[in-house]
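Got your viewer open? Let's take a walk through this structure, one selection at a time.

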Amino acid sequence: MKNIAIKVYRTLRLINVLGVENYFKYQSTSKGKVVKLVIKGHTVAIRKGTPDLPIAVSCLNGEFEILRYLLPKNYDGTIIDAGGYIGTAAIALKDIFPSAKLIVIEPSSANLEVLKQNVANLHSVKIVHGALVGTSETSIQLNNRGTGECGFTVVANPSDRPNASFLQETPAFRLSDLVKEDEKIGLLKLDIEGGEFSLLEHDMDSLRNVDVVFAELHDRIIPGCVDKFFEFSKDRILIKDNGEKYLSVKR
């Protein structure tokens, strides 16, 4: 009975966000097909039967509101969205900081195709196909943990899925590769499924130059991410947000 109640609650909540027409449009779409839905005023391409819809709803329903007052509303500097997935975080970030230059990096070719559709009408957005890393390699293996399209990782032996299968080879970039030499990063949104460990282990100096880092940390994929993030944030303001999300702000 409890499971039924939870299912009904989730369905009603989704209808409340999508509206009745959009909800039934999604439900009538065949698994694997792309459907365009209006979510919080934005038309978004969603793949039925993937994590796309719940992630899109979360991104466009206030997930990034905590960032609104950390940079000026008219901020026109650089924001990096690492782990761009299908672009709904990029849409949310541009809603909050419409004048910012946004660099979105995503390692999965399949996700990238949907991302391109979803950010096509956004101003000052650069899309980079690749993974953000902390070391000097120019390509890296992307692995499928079997947790859906949002869970692909560059971690070689993820703790939660030791038998993760090879998905594709993807280009690899350090933070310094994504911006000009004199370009400052005001905000880094970091959701790279355990790849943050490499950044925190090998490129902490670059991270320390970033004013605001909003990270989802994945100790379940590679233990030590949270400890490394705390070490990185020892002279910064550290805030625990929902779930695995942490915010680190330069003093």
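Start by selecting Ile96 and everything around it: leaving out residues up to four places away in sequence, Ile96 touches Phe64, Glu65, Arg68 and Lys73, where contact means heavy atoms within 4.5 Å. Before going further, know that this is a predicted model, in which local features need pLDDT of at least 70, side-chain atom pairs count only at pLDDT 80 or more, and totals for chains, interfaces and linings use all residues. Residues are numbered from 1 along each chain as its sequence is written, and side-chain values use heavy atoms, with hydrogens and water left out.

**Around Ile96**

Ile96 sits in helix α4 (residues 88-96). Helices (H or I, at least four residues) and strands (E, at least two) are DSSP runs, numbered from the N terminus. Is Ile96 buried or exposed? With a relative accessible area of 4%, Ile96 is buried; the cut-offs are under 20% relative accessible area for buried, over 50% for exposed, and partly exposed in between (1.4 Å probe, protein chains only). Now add Thr170 to your selection: the C-alpha atoms of Ile96 and Thr170 are 30 Å apart, with their positions 74 residues apart along the chain.

**Two helices side by side**

Keep α4 on screen and bring in α3. Two packed helices are described by the angle between their axes and the distance between the axes. Here α3 and α4 pack at about 10 degrees, and their axes are 8 Å apart. The axes are lines fitted to C-alpha atoms, for helices over the stretch in contact, and angles run from 0 to 180 degrees between N-to-C directions. So α3 is roughly parallel to α4, a label for angles under 35 degrees (over 145 is roughly antiparallel, 65 to 115 roughly perpendicular, and the rest oblique). To see who does the touching, select Ile55, Ala56, Cys59 and Leu60 on α3, then Thr88, Ala89, Ile91 and Ala92 on α4.

**The sheet**

Next, color the strands. What is the strand order in the open sheet of 7 strands? Trace β5-β4-β3-β9-β10-β12-β11, and you'll find the pairing is mixed. Two strands pair if DSSP finds at least two bridges between them. At the edges are β5 (125-129) and β11 (237-240), each with a single partner strand, so one side of each has no neighbour in the sheet. Neighbouring strands are turned by 15 degrees against each other on average, direction ignored.

Zoom in on β9, where 6 of its 6 residues are buried. Strand β3 (residues 78-82) pairs with β9 in the parallel sense over 5 bridges, and Ile79 stands opposite Leu187 in β9. Then look at β10: β9 and β10 also pair in the parallel sense, over 4 bridges, with Ala215 in β10 as the bridge partner of Leu190.

Move along to β12 (residues 245-249). Its pairing with β10 (residues 212-216) is antiparallel, over 5 bridges, and Ala215 stands opposite Tyr246 in β12. Select helix α9 (residues 225-232) too: α9 packs on the sheet, touching β10, β11 and β12, and its direction makes about 15 degrees with that of β12.

**Charged pairs**

Side chains of opposite charge can pair when their charged atoms come close. How many salt bridges are there? The count is 15, taking a salt bridge as a side-chain nitrogen of Lys or Arg within 4 Å of a carboxyl oxygen of Asp or Glu.

- Select Glu63 and Lys245, whose side chains meet in a salt bridge (3.3 Å, N to O). Glu63 is in helix α3 (residues 52-63) and Lys245 in strand β12, 182 residues apart. Both Glu63 and Lys245 are buried.
- Try Glu193 and Arg145 next, a salt bridge at 3.4 Å, N to O. Glu193 lies in the loop between β9 (185-190) and α7 (196-202), and Arg145 in the loop between β7 (139-144) and β8 (165-173), so the pair ties together parts that are 48 residues apart in sequence.
- Finish with Asp205 and Arg208, a salt bridge at 3.9 Å, N to O. They are 3 residues apart in helix α8 (residues 204-208), about one helical turn. Asp205 is exposed at 60% relative accessibility, whereas Arg208 is partly exposed at 32%.

One last selection: Glu63, Glu216 and Lys245, joined into one network by salt bridges that share partners.
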